[in-house]
Amino acid sequence: MKKYFAILSDMEGKIRDGHYRPGSKLLSVRKAAEQYGCSTNTITRAYAELEKRHAIYSIPQSGYYVVDKDGGGSGQNEDGIQREGIDFSSASPDLFVFPYLDFQHCLNKAIDTYKYHLFTYGDPQGMAELRETLVRHLANDQVFAKTERIFVTSGAQQALEILAKMPFPNGKQTILVEQPTYNLYLRFLEIEQLPTAAIARTTAGISLQELERLFRDEDIKFFYTMSRYHNPLGTSYTTEERKAIAALAKKYDVYIVEDDYMADLGVERGFDPIYSYDLTEHVIYLKSFSKIIFPGLRLGAAVLPEQLIETFYRHKKYGDTSFLSQAALDIYIKNGMYERHKRAISSLYTSRMLVLNEALARHNGAGLIQASGVSSGIYTQYKLPITVNMEQLMERLTAKQIRAVDGKGFYLPGYLEREKFLRISISRASEGQIDEGITAIVEEVKRANHFY
C-alpha cells in the first residue's frame, strides 16, 4: 500500500511540475511497472486514480495522456484569461493541486445534510457549525477564541472594508498602513478617501521607535499589518517585533488588524501571531481560506475583541456568505481533508521557493537583484537598482511571456520613500519553469540598468 501511494505521489508531482507536459503521453503500464519496480496492477490502479483526479485521460488502444487543464502549465492568471509563458505574478493557488474530488465530496455532503437550509438567508455572523469548527481550527495557530467572537466573512477583504469604515471605541480615525502593503486594500482606502498614515517596512522589518511615535502622536484608529509572509515582501516579523507591537497597542489604545492570510502556508514551527500576545483585546485577527483552497470560495474568518462585536455585526448587516460554501468548508475541515491539503501545498510551495532561491543564486552573479531570502509562503521581493528603467523592464519581460508584478502599486500615491522592486510569486510557476524565468529576469534587469 505504501508503494502505491509513493508511486501515485511521484506521478502527480511530475505532472504538476512539468516533467510531463499537458497533452504528452505517459509510459505504458508495462514500462511504468518496470521503471517503478512494481506490478502492472499497481500502475493500472495509479493511472485510474489520476483519471479520477482529472490529471490524465485514456485513449483506447493508445495509452494515457496528461490533461491540458486551463491555467495549468501555461498560467491562467487571476482575471481568468489563459496565457502562455511563465507566471510569477499570480497569487492564486496552483490549479494542479486543487483538491477537486475532496471538495466535490464535501459540497455533495453539504447539500444532502443542509438541503432545507439552502433556501434561507444565513446568520450575518456565519454558520454556527462552522464557527464552532473554527474555534478548534484557529487554536492550532494559537488563536484562542469563543464562537461569539468569530465572524465568517466573504474573504478577508470584506472584513478589512468593514473595519475601515466602522467607528472604534478609541474614537480615532486614521488607518496606519505599512509601505509597501497589500495593493487592493490601498486602492480601497483611496477610493473611500479614508484618512491614512504610513510606516516603512522593509525586509529588515519596521522601526519600532517610529511605530511608537505614530501611536503616541497621531490619531491612529488601527494599524493594518501582515505578521507573516507579507505581501509583497514575503517576510515575517520576529518574535520580538510581534510582542512589541502588541505591547504598544495596549500602551496607546491603538488596535491592530493582523491579516494572517497565509497562516497555513508555512512549515515553520512556533510562530505565534500578534494576537497570541494580546492581553487587552486590542488585536483583530483575520484569516483567509482562499490561498489554501481556491479564491472563488470567498470565505474568511475574523476574530474580534468583545467591544467590537456589536458594531461589526451592525455593519455586516446580512448573511452574505454562501451557506453552501460554509457548510462544505466545515465538512472539509472536520474530516481532516483541509489539514492533508495544507501539508501537501505547504511542502510544494516550500520546494518551489528553494528552487527559486537556488536559481537566483546561480544567475545573479553581478548582484543586481537583492532578494528577501524567504523560504516559505509564495512571495519574495526582488529589489532592483534605482537606475533600472522599470517600464522598459516590464515591457521586455512581457515580450518574453514572463509575468511579474511591479512594486509601484503597493505604495500610497504620495509616499516618496519607495523601493524599486518586482514581486515574485511561485504559486503558479512550476519547478521546471523557474530556472528559465529567473535567467530571463536577470538578463533583462541587466539590460534595463542604465549604469550597468
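This short talk walks through one sheet, several pairs of aromatic rings and two charged side chains in the structure shown above. Please keep in mind throughout that the model is predicted.

Let me begin with the sheet, which is open and is formed by four strands in the order β12-β13-β16-β15, with antiparallel pairing. If you follow that order from end to end, you find β12, residues 370–371, and β15, residues 405–406, standing at the edges, and each of them has a single partner strand, so one side of each is left without a neighbour in the sheet. For β15 the pairing is with strand β16, residues 421–425, and these strands run antiparallel to each other and are joined over two bridges. To see this at the level of residues, look for D406, whose bridge partner in β16 is L422. Against this sheet packs helix α13, residues 390–399, which touches both β15 and β16, and the direction of the helix makes about 30 degrees with that of β16.

Now let me turn to the aromatic side chains. A pair of aromatic rings is described by the distance of the centres and the angle of the planes. How many aromatic pairs does the structure hold? There are 16 of them, and I will take two as examples.

In one of these, F103 and Y332 meet edge-to-face, with 5.4 Å from centre to centre and 70 degrees between the planes. This pair links distant parts of the chain, since F103 belongs to helix α4, residues 100–113, while Y332 belongs to helix α11, residues 323–334, and the two residues are 229 residues apart. Are these rings buried or exposed? F103 counts as buried because its relative accessibility is 3%, and Y332 counts as buried because its value is 0%.

My other example is Y185 with Y224, again an edge-to-face pair, here at 4.9 Å centre to centre and with 65 degrees between the planes. Here too distant parts of the chain are linked, with Y185 in helix α7, residues 183–191, and Y224 in strand β8, residues 220–225, which puts them 39 residues apart. Y185 is buried at 1% relative accessibility, and Y224 is buried as well, at 0%.

Coming back to F103 and Y332, ring pairs link these two with F289 and Y338 into a cluster.

Finally, a word on charges over rings. R45 lies over the face of Y4, at 3.8 Å from the ring centre, and the charged end of R242 sits over the ring of F271, 3.8 Å from its centre.

Technical notes: Residues numbered from 1 in each chain as written. Predicted model: local features only at pLDDT ≥ 70, side-chain atom pairs only at ≥ 80, totals over all residues. Heavy atoms only, no water. Pairing = 2+ DSSP bridges. Contact = heavy atoms within 4.5 Å. Axes fitted to C-alpha atoms, helices over the stretch in contact; angles between N-to-C directions. Phe/Tyr/Trp six-rings, centres within 6.5 Å; stacked < 30°, edge-to-face > 60°. Buried < 20%, exposed > 50% of the residue type's maximum accessible area, 1.4 Å probe, protein only. Lys NZ or Arg CZ within 6 Å of the ring centre and 35° of its normal.
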